[in-house]
Amino acid sequence: MKIQLFLALLLSSLLIVPCFAQNFACDKNIPETSQFPFCNTSLSYENRAKDLISRLTLQEKAQQLGNHAAGISRLGVPAYEWWSEALHGVASVGYGVHFNATVPGATSFPAVILSAASFNTTLWFKMGQVVSTEARAMYNVGLAGLTYWSPTINVFRDPRGLQEVGEEGNSTGNRLKVSSCCKHYTAYDLDKWKGVDRFHFDAKVTKQDLEDTFQPPFRSCVEEGRVSSVMCSYNRVNGIPTCADPDLLKGVIREQWNLDGYIVSDCDSIEVYYDKIKYTATPEDAVTLALKAGLNMNCGDFLPRYTENAVKLNKIEESIVDQALIYNYIVLMRLGFFDGDPKLHPFGNLGPSDVCTEEHQELALDAAKQGIVLLDNKGALPLSKNATKNMAVIGPNGNATMAMISIYAGIPCEYTTPLQGLQKYISSVTYAAGCPFVNCTDESLAGPATTAAATADVVVLVMGLDQSIEQEDLDRENLILPGYQEKLVKDVANATNGTVILVIMSASPVDISFAKNESKVGGILWVGYPGQAGGDAIAQVIFGDHNPAKTKVTNYHLHTDNLFILSAGRSPFTWYPKEYSDQVPMTNMNLRANASDNFPGRTYRFYTGKPLYEFGHGLSYSTFSKFVISAPSTLLVPLKSSLNPSGIPSVYSSKQDPYPNGQAIDVSSVNCTNLQLVLVIGVRNNGPMNGDRVVLIFWKPPKSAEITGPPNMQLAAFDRVHVKKGNTNNITLAVDVCKGLSLVDSEGQRKLVMGQHTFIIGSPSGHQVRYHLIVRLAQNGSMGGFTYM
């Protein structure tokens, strides 16, 4: 969860540099230990790791399997803390990161769900660069580790949970700057809901949903993101704890996806399935199951405490322990931990001056602005600085600090609250909280709020949720604003003669249909949890203006003209009506609708009800049009030369089509190499302002009797483009046919369906263009491929 902000104002500004313990092995100044082969950088990582492990006793090996890895002084290997977090900035969660006078804070980006709303891969990459730079800089002065158990990439399956997507740190060749970890694997998003907690929950998941929805983010993380770690979750999947499932760990992550790294448990997961659900008879049985399943590292102390005895009891071979350590140590070696003084190696020049730089903080501001979603606008936005004389800022999140940072946070470089951001535009601003807390169970502050609203030209209501309502180990039970918040919005709207702008701060949807129908509410914004610069971001979007205080364009800034900041974010989730929470229990893992059970389905892909706002919804202050410049009309699907799928005649004439419309081919029989659909889309800005436009391409598959429960539609590709007013810019989007245009059958097998595939270019709230692609099987001897009109 993207969060790097908790209490503002850093520790003292005294320039005291503490003495740090050595945080690396193979110190060249200690020849008696630096001459070991595991310190020899000319050897392969695997051979170095094997040499180190060969020198350890069984007891020493066991002590390296937990996050508090013990040091081995006789070999010159210091203790190492594996658990650090950096979901949206270096965080103080875990034991690996410490802030002090040397580094009092780190850049705190928006919560990941808001960054996701930007639909900007360039932004995500730059954020990853910043976070990994600051993490490595803190490591170099002994304030952080090298292994970060972030990001969280669980699918946003249910609107009552707090889930996000994430990013991967950059590397140089096979050498890592920092190590990241994709979590929580798999089918995990229930924390605690109506008495059911994540420790006891058994997620009953169909083969279709597992392959179609829950596994793809992790597969992409490993195969495309080249992440160096995956974390298994607390829950069971179909009766088996994920951290003890050899099919999910060794079978899928290690053998199918070829993870180059280690697999770690969520904290105390092994103890959880031993102690809380009594899955094994003894602790030794619990650690044996985990290690044999493919687990390599335990956040917690169960492996360090019980592995030695499990080996002595002949429950597990010592060679399996060795293999787990090889995976762990190879990652540390790729990070340079065994290369001696890190200051002499790549990234060794980074230090405190590389944390909280002006460029990094401006990127945090830009990230928040790019994600903010304009849900509704009745012509009230953007506001005019000249026309607005008196403003009232009302709501429990109006002067928020910690709430903007969400969870898994560190200490931010600084805070700008919504109130402070708006005060930079309007000199006469009155603030009234309206509620003492976000739960809003006390109406005593409502009177001053309505009084302030009565004399204001514009009222900005900053409502929504915070971490007392949604966070880890706390799921929502409804989809409405907490307590008296709805009543406060209505009372303020009735009290004012001015314009009301409603700002919703949350990481999940809220039913605000009442506000959509309120005539005085002239605009509605969703701002997620916008991070340390959230107040400036909210104000700049509301006024449609550039930053009045900082206009410098930096290396990290993503716009070149810096003239206008337009609202261009798109909703990363579906906004369900409040009745949804009564229709769908969180414990039901199914995604597809089932009319017989009155089950409406989940996510934009399968939901059959009428949402308040659709996935991808988002308005703009400018107007844009899109058109297809180049796209193929037909795809002839090539088969692997050695395969002939069942049901396909070995010889057929050119007039025969063995796979007519609706028939499905197993993807494993298709030659998927370089099989990419490439579309060139033109985007024209027809409005009065320069601005960004998010281009979403949705895919509607053809119907097939062989595939039950296909998605309504599915996002196939996206990009974000900056277009000056009156100009047209082209973007090129590519779709992997075998991954992006395949369906999953009831047995979890991917199929490519013959027939007409439809693509909808544009979000539901904007101008849309349709494009059709005919997919047919290539005939014998044909190389297949695309043809153009």
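Here is a walk through this structure, from its nonpolar cores to a few buried polar residues and one pocket. Keep in mind that the model is predicted.

Let's start with the greasy part. The largest nonpolar core has 92 residues, and the members touching the most other members are Phe38, Trp149, Tyr185, Ile270, Tyr329 and Phe338. Helix α12, which covers residues 318–334, gives the most to this core, with nine residues. Apart from it lies another core, this one of 81 residues, with Leu383, Ala409, Val458 and Val462 among them.

Tyr185 is a good place to zoom in. Leaving out residues up to four places away in sequence, Tyr185 touches a list that includes Phe218, Val230, Met231, Leu248, Leu249, Val252, Ile253 and Trp257. That list also has polar names in it, including Gln215, Ser233 and Thr242.

Now for Ser228, which sits in the loop between helix α7 (216–223) and strand β13 (229–232). Is Ser228 buried or exposed? Its relative accessible area is 0%, so Ser228 counts as buried. Its side chain has polar company, though: there is a polar contact of 2.6 Å with the side chain of Ser179, and a polar atom of the Ser228 side chain lies 3.5 Å from the backbone oxygen of Ser180. Ser228 also pairs up in space with a residue from elsewhere in the chain: Tyr327 is 99 residues away in sequence, while the C-alpha to C-alpha distance is 9.7 Å.

Next, look at the loop between α12 and α13 (358–371), where you'll find Asp339. Buried means under 20% relative accessible area, and Asp339 has 4%, so it counts as buried. Which side chain does Asp339 meet in a polar contact of 3.1 Å? The partner is Arg175. Beyond its neighbours within four places in sequence, Asp339 is also in contact with residues including Ala25, Cys26, Lys28, Thr41, Arg48, Met333 and His345.

Thr416 is another loop residue, placed between α14 (402–405) and α15 (418–423). With a relative accessible area of 7%, Thr416 is buried. Not counting residues up to four places away in sequence, Thr416 touches Met404, Gly421 and Lys424, along with Gln532, Ala533, Gly534, Gly535 and Asp536.

Finally, have a look at the second largest pocket, which holds about 320 Å³ of space. Among the 21 residues lining that pocket, Asn397, Met402, Ala403, Val438 and Asp466 are the closest to its centre. What is the lining made of? It divides into 12 nonpolar residues, eight polar and one charged.

Definitions and conventions: Residues are numbered from 1 along each chain as its sequence is written. This is a predicted model: local features need pLDDT of at least 70, side-chain atom pairs count only at pLDDT 80 or more; totals for chains, interfaces and linings use all residues. Side-chain values use heavy atoms; hydrogens and water are left out. On a 1 Å grid over the protein atoms alone, a cavity is a set of points where a 1.4 Å probe fits but cannot get out, and a pocket is an open set with protein on both sides within 12 Å along at least five of seven lines; lining residues have an atom within 4 Å of a point. Grid points are joined across faces, edges and corners, and a volume is the space filled by probe spheres set on the points. Ala, Val, Leu, Ile, Met, Phe, Trp, Tyr, Cys and Pro count as nonpolar, Asp, Glu, Lys and Arg as charged, and the others, Gly among them, as polar. A nonpolar core is a set of buried Ala, Val, Leu, Ile, Met, Phe, Trp, Tyr and Cys residues joined through side-chain atoms within 4.5 Å. Buried means under 20% relative accessible area, exposed over 50%, partly exposed in between (1.4 Å probe, protein chains only). Helices (H or I, at least four residues) and strands (E, at least two) are DSSP runs, numbered from the N terminus. Contact means heavy atoms within 4.5 Å. A polar contact is a pair of N or O atoms within 3.5 Å; within protein, one must be able to donate a hydrogen and the other to accept it, and residues adjacent in sequence count only if both atoms are side-chain atoms.
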